[in-house]
Amino acid sequence: MTEFNHYIDGTAVPSVRRMLVRNPANGAIVGHAPIADAATLDSAVAAATRAFESWSRTSDAERSAAVARIADAIEAHAEELAQLLTAEQGKPLNGLGSRFELQGAVAWTRNTASLSLPPELLQDDDSRRIELHRRPIGVVGSITPWNWPLMIAAWHFAPAIRTGNTVVVKPSPLTPLSTLRMIEIAGAVLPPGVLNVVSDDGELGAAMSAHPGIAKIVFTGSSATGRKVMQSAGATLKRLTLELGGNDAGIVLPDADPAAIAEGLFWGAFINSGQTCAALKRLYVHDSIYDAVCDALAAYAAGVPLGDGADEGSRLGPLQNEAQFAKVKRFVEAAQAAGGRILTGGAPVAAKGYFYPVTLVADAREGMALVDEEQFGTALPIIRYHDVEDAIARANASENGLGGSVWSADPVRAQAVAARLQCGTAWVNKHGAIQPGIPFGGVKASGIGTSFGRQGLEEFTTIQVVHG
Ligand code: NAD
């Protein structure tokens, strides 16, 4: 049995209290995660505070090289981490699964190494010279979710370290092991204390949000928890980046070709078994092609293998945890009771793990939880509309605003509709595509702040103006 440790001040730190982490495909024990108490968190923050003294004064080139070393170290252990990720998270090794996630973690880290925030000259004349400098903030607390744990941890720590901050990461209690191991690997190529990780059984995120030694929280998770983070961060006036939940709408215009868009729609909705912040979660289809789109999606779904993620042939895995499994089941049952028509799926797979098949629910409408709330799983509501203006209004009638998409044979027309969606990213004929260097973030209840690229890097700094 594998016992995992916290990583603090360059050292693996065991814990007396531990918890079991199980494989969602079969219930097998993957390992034991340590449970940090308040004193352990304090020691991680203290180590990061000490390391900040010198790390914040290193040169830009030195920090760039360090972040590039992290990318190399993760890449060198990518297969080990992918196997561990599949075991605890459930996603397939192949397709858009664990190996893909590791490639993402490496690509984002490497891209972050290449970015920089040089000083800006604001005024330079006979009377004065005024420069704007970007300074590190201090100790950054990173709180991550269970859906893309490694990639999201990299999204947090790479820009923080690149800009001269030090970091304490806290993974989700549902998927702590791969993050504990990745941070141990990454931390080993950095000075002690620059990158630390502690894991918990549910209480530590709140303690981090309130911790006086942490200057900024970068949080990715649900909107409900994001609100709590913001509230408890208020007392210490922490800087915040919040990447929160989504209920992304896609609008299929009447001129779209159902066969041509089926694959893009499918993976837009079902990547990572639908457990993706910016997955397509509500599909609005024009009445004139409604049945054809439903048929094309169902036909595509029939060819996608669902199974244990460790099986090289699987392209979709189980849902990650019991609560998520129960939620998807509940939402589908309620939608069906309210008149939703099941095109495929509709009931759990009779197997040991949390397997819920791809479920397409036609004749869905607002008022169903499956439409109004974030389902975060393998069920997609397909909603009929007659008038594009009406579809835009319904797509925007959500507290969330992460992503959105428009599908059409006419990209110019589609872009005009996309521009009217209230969301941080609007896609044409695709959904959920993100890449290093291109800013990403939510509007409304989907978040505060931006990740990736120069704008994402700036989030980890404060401005100092120097009058010469
Ligand atoms: P969650 O909010 O339940 O948990 C996220 C993290 O917060 C975990 O580490 C958890 O332990 C911690 N936490 C719990 N209570 C806390 C508290 N009071 N204070 C501080 N931290 C606390 O989210 P989840 O279920 O792990 O993740 C799924 C959600 O994340 C979905 O809503 C999804 O859309 C969202 N998400 C958003 C993005 C994005 O980039 N916008 C990316 C991935 C996931």
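This short presentation describes the ligand site, the pockets and the cavities of one protein structure. Please keep in mind throughout that the model is predicted.

Let me begin with the ligand. Around the ligand there are 29 residues, and those that come nearest are T144, S222, T225, L244 and E374. Sorted by class, this shell holds 14 nonpolar, 11 polar and 4 charged residues. Three elements each contribute at least two residues to the shell: the helix α7, at 204-210, the strand β10, at 216-220, and the helix α8, at 223-233.

Which atoms of the protein lie opposite the oxygen and nitrogen atoms of the ligand? I will give three examples. In the side chain of S222, an N or O atom is 2.7 Å from an oxygen atom of the ligand. For K170, a polar side-chain atom lies 3.0 Å from an oxygen atom of the ligand. With L244 the backbone takes part: one of its polar backbone atoms is 2.8 Å from a nitrogen atom of the ligand. As for coverage, the ligand on its own has 860 Å² of accessible area, and the protein covers 88% of it.

I now turn from the ligand to the space that surrounds it. Where does the ligand sit? The space that the ligand takes is the largest pocket. This pocket contains about 890 Å³ of space. Its lining is made of 40 residues, and P145, F219, G221, S222 and T225 lie nearest the centre. The elements α7, β10, α8 and α11, the last at 322-337, give two or more residues each to this lining. Among these, α8 provides the largest share, with 6 residues. By class, the lining of the largest pocket divides into 16 nonpolar, 15 polar and 9 charged residues. You will notice that S222 and T225 come up twice: they are among the residues nearest the ligand, and also among the residues nearest the centre of the largest pocket.

Next, the second largest pocket, which has a volume of about 360 Å³. Of its 19 lining residues, F100, I271, G432, A433 and I434 are the closest to the centre. Two or more residues each come from α4, at 98-114, α5, at 149-162, and α9, at 258-270. How many charged residues does this lining hold? There are no charged residues in the lining of the second largest pocket, which divides into 13 nonpolar and 6 polar.

Finally, I come to the cavities. A search of the whole structure finds 4 cavities of 30 Å³ or more, and I will describe two of them.

The largest cavity contains about 150 Å³ of space. It is lined by 19 residues, with T112, W155, P159, S451 and F452 closest to the centre. The helices α4, α5 and α15, the last at 453-458, each supply at least two residues of this lining, and the largest share, 5 residues, comes from α5. By class, the lining of the largest cavity has 10 nonpolar, 9 polar and no charged residues.

The second largest cavity holds about 80 Å³ of space. Of the 14 residues that line it, the closest to the centre are A249, R282, A395, G403 and Q422. Here strands enter the picture: β12 at 248-252, β17 at 400-401 and β18 at 403-407, together with the helix α13 at 388-396, each give at least two residues to the lining. This lining has 5 nonpolar, 7 polar and 2 charged residues.

Terms used
Residues numbered from 1 in each chain as written. Predicted model: local features only at pLDDT ≥ 70, side-chain atom pairs only at ≥ 80, totals over all residues. Heavy atoms only, no water. Near = heavy atom within 4 Å. Polar contact = N/O pair within 3.5 Å; in protein donor to acceptor, adjacent residues only side chain to side chain. Areas by Shrake-Rupley, 256 points an atom, 1.4 Å probe, with all protein chains shown as cover. 1 Å grid on protein atoms, 1.4 Å probe; cavity = no way out; pocket = protein on both sides within 12 Å on 5 of 7 lines; lining within 4 Å. Sits in = over half its atoms within 2 Å of the grid points. Helix = DSSP H or I, 4+ residues; strand = E, 2+ residues; numbered from the N terminus. Nonpolar A, V, L, I, M, F, W, Y, C, P; charged D, E, K, R; others polar. Points joined across faces, edges and corners; volume = space filled by probe spheres on them.
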